[in-house]
Amino acid sequence: MAAGRGAAVLRRAWRERRAALLEPRYTPLVAACLCLAEGGVNLWVIRRVPYTEIDWKAYMQEVEGFANGTLDYTQLKGDTGPLVYPAGFVYIFLGLYHVTGRGSDIRLAQYLFAGLYLFNLLLVFRIYCRTNKVPPYVFFFMCCASYRIHSIFVLRLFNDPVAMAILFLAINLFLEERWSWGCLLFSLAVSVKMNILLFAPGLLFLLLQRFGLLGCIPKLCICALLQVVLGLPFLLVNPMGYLMRSFDLGRQFQFKWTVNWRFLPEEVFQNRLFHAALLLAHLAGLGLFALHRWHSSKENILTLLKDPAKRKPASPRLTVNRIVFILFSSNFLGVCCSRSLHYQFYVWYFHTLPYLLWCTPTTKLAHMPKVLLLGVIELCWNTYPSTVCSSLSLHICHGLILLQLWYGTASTPVSHTPPPSRKPTAMSKKAQ
């Protein structure tokens, strides 16, 4: 019975194959086909492309210290340096440490990360099915066509994909109005890698709009409490050591790995004034988007502090697209102003790019430039080592996306001029 219905859906999709590529209502069908294809692609990559050791061995050395009883965070280190991730990373990769025979079974770890890739993809597709914005043909570029993303997951075994998968699970919970569980998982994602904090300004805005100031405090407490619970074994031994290592916001990045600032002299790249300027640009961008793109009410933005039931006029309902737009644009602003982007950081925003490009009205002629932007961004991230041209091109692409987000989501001003009166027609006279 189910097989018959599935065959009927496939036959109908084949008859309407052009619509299946262009109309978002076909996203579930295209997503199912691409997930099946991705299973094969990941297996092929694991078996045919050599694994490259970058951080996996260091991850295993760092968590091995914890497994051996070391609770002073400053003493946990690997070949690449000290442990610089929060405690959630330690627990998750300690599990991988034991499952993979102390990290020695690389092939098993690759299969586990291939499973993580598919799980992450399902979560992303579930978001896109709910938003109903992106034409299905775009998802081919989000899946099978990205060499760098497959490499980050199954050839490099970085922790970034782990954090992003948990983040997308949290966003799915937000879309289901399960804010407490979503905040718990959001905090768990932060405990794996701090880049998730780029979504935090958008999440705070959503919590204020949905619950008001007093209502959002319990949600923020959930986030904070989980961080305390996860870090407690280390906080009891060396609290400052744990906080300085796991939440070090001033850490210097190596110029040789930068993807986005290669066109700058190294002394400028390492200059603290340059970092401060980027921070100011980030805060200014968040302020502008919060005031003019996220806040759709004509009331003062401070009304978000009030209880939603007491707001006059009432705040607009949080729709699926509003939640996704605010979270994805918050993260994208942070990526644009990052002090450095390394190759594995591509996964921070890769799966959000189709939405950022197609959430605004798109004419038929605009599809090709948007696909071209995706292609140029992929090319920039696949250029190793990065060049002046590749990093400049990446900034140009980011700038174009920001411009279309700003102008494409601008609210149309409402005219208060009364419409011109029409002369009564013969039909209206007859009706009178």
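A polar contact is a pair of N or O atoms within 3.5 Å, where one must be able to donate a hydrogen and the other to accept it. Asn-331 offers a neat case in this predicted model: its side chain reaches the backbone oxygen of Trp-348 at 3.2 Å. Asn-331 itself sits in helix α15, which covers residues 320-336. Buried or exposed, then, is Asn-331? With a relative accessibility of 0%, Asn-331 is buried, because anything under 20% counts that way. Setting aside neighbours within four places in sequence, the residues in contact with Asn-331 are Leu-198, Phe-199, Trp-348 and Tyr-349. Trp-348 thus turns up twice for Asn-331, once in the contact list and once as the owner of that backbone oxygen.

Before going further, a word on confidence. The protein chain has a mean pLDDT of 91, and 92% of its residues reach 70 or more. Residues 412-432 are another story, with pLDDT below 50. In the model, that stretch makes 3 contacts beyond its near neighbours in sequence. Where pLDDT is low, the predicted coordinates should not be read in detail.

Next along from α15 comes a loop leading to α16 (353-358), and Ser-340 is found there. Loop or not, Ser-340 is buried, because its relative accessible area is just 3%. The side chain of Ser-340 makes a polar contact, at 3.2 Å, with the side chain of Thr-258. What else does Ser-340 touch, once residues up to four places away in sequence are left out? Besides Thr-258, the list holds Phe-253, Asn-260, Trp-261, Phe-269 and Phe-345.

Two helices make a good pair to look at together: α14 (residues 272-294) and α18 (residues 388-408). Their axes come within 10 Å and cross at roughly 35°. On the α14 side, the residues involved are Leu-288, Phe-289, His-292 and Arg-293; on the α18 side, they are Leu-402, Leu-405 and Trp-406. Sorted by class, this contact has 5 nonpolar residues, 1 polar residue and 1 charged residue.

Leu-405, in helix α18, deserves a visit of its own. Leu-405 counts as buried because its relative accessibility is 0%. Leaving out neighbours within four places in sequence, Leu-405 is in contact with Phe-289 and Arg-293, and also with Phe-325, Phe-332, Leu-356, Cys-359 and Thr-360. Both Phe-289 and Arg-293 belong to the α14 side of the helix pair. Leu-405 and His-292 are 113 residues apart along the chain, and 12 Å separates their C-alpha atoms.

Now for the cysteines. A disulfide is a covalent bond between the sulfur atoms of two cysteines. How many disulfides are there in the model? The count comes to 0. For Cys-336, the nearest cysteine sulfur is that of Cys-337, 6.2 Å away, while the cut-off for a disulfide is 2.5 Å. Cys-336 is buried, because its relative accessible area is 13%. Cys-380 is in no disulfide either, with the sulfur of Cys-397 as its nearest cysteine sulfur at 5.5 Å. Cys-380 is buried as well, because its relative accessible area is 3%.

Some backbone details also catch the eye. Tyr-384 and Pro-385 are joined by a cis peptide bond, with omega at about -10°. Pro-385 lies in the loop that runs between α17 (367-382) and α18. Arg-102 is not a glycine, yet it has a positive phi of about 60°. Arg-102 is placed in the loop between α5 (87-99) and α6 (106-131). At 63% relative accessibility Arg-102 is exposed, because exposed means over 50%.

Glu-177, also not a glycine, has a positive phi of about 65°. Where does Glu-177 lie? Its home is the loop between α9 (160-175) and α10 (179-190). Glu-177 counts as partly exposed, because its relative accessibility is 36%. Its side chain makes a polar contact with the side chain of Arg-210, at 2.9 Å. As for Tyr-51, that residue is 126 residues from Glu-177 along the chain, and 41 Å separates the two C-alpha atoms.

Methods:
Residues numbered from 1 in each chain as written. Predicted model: local features only at pLDDT ≥ 70, side-chain atom pairs only at ≥ 80, totals over all residues. Heavy atoms only, no water. pLDDT = per-residue confidence, 0-100. Contact = heavy atoms within 4.5 Å. Axes fitted to C-alpha atoms, helices over the stretch in contact; angles between N-to-C directions. Helix = DSSP H or I, 4+ residues; strand = E, 2+ residues; numbered from the N terminus. Nonpolar A, V, L, I, M, F, W, Y, C, P; charged D, E, K, R; others polar. Buried < 20%, exposed > 50% of the residue type's maximum accessible area, 1.4 Å probe, protein only.
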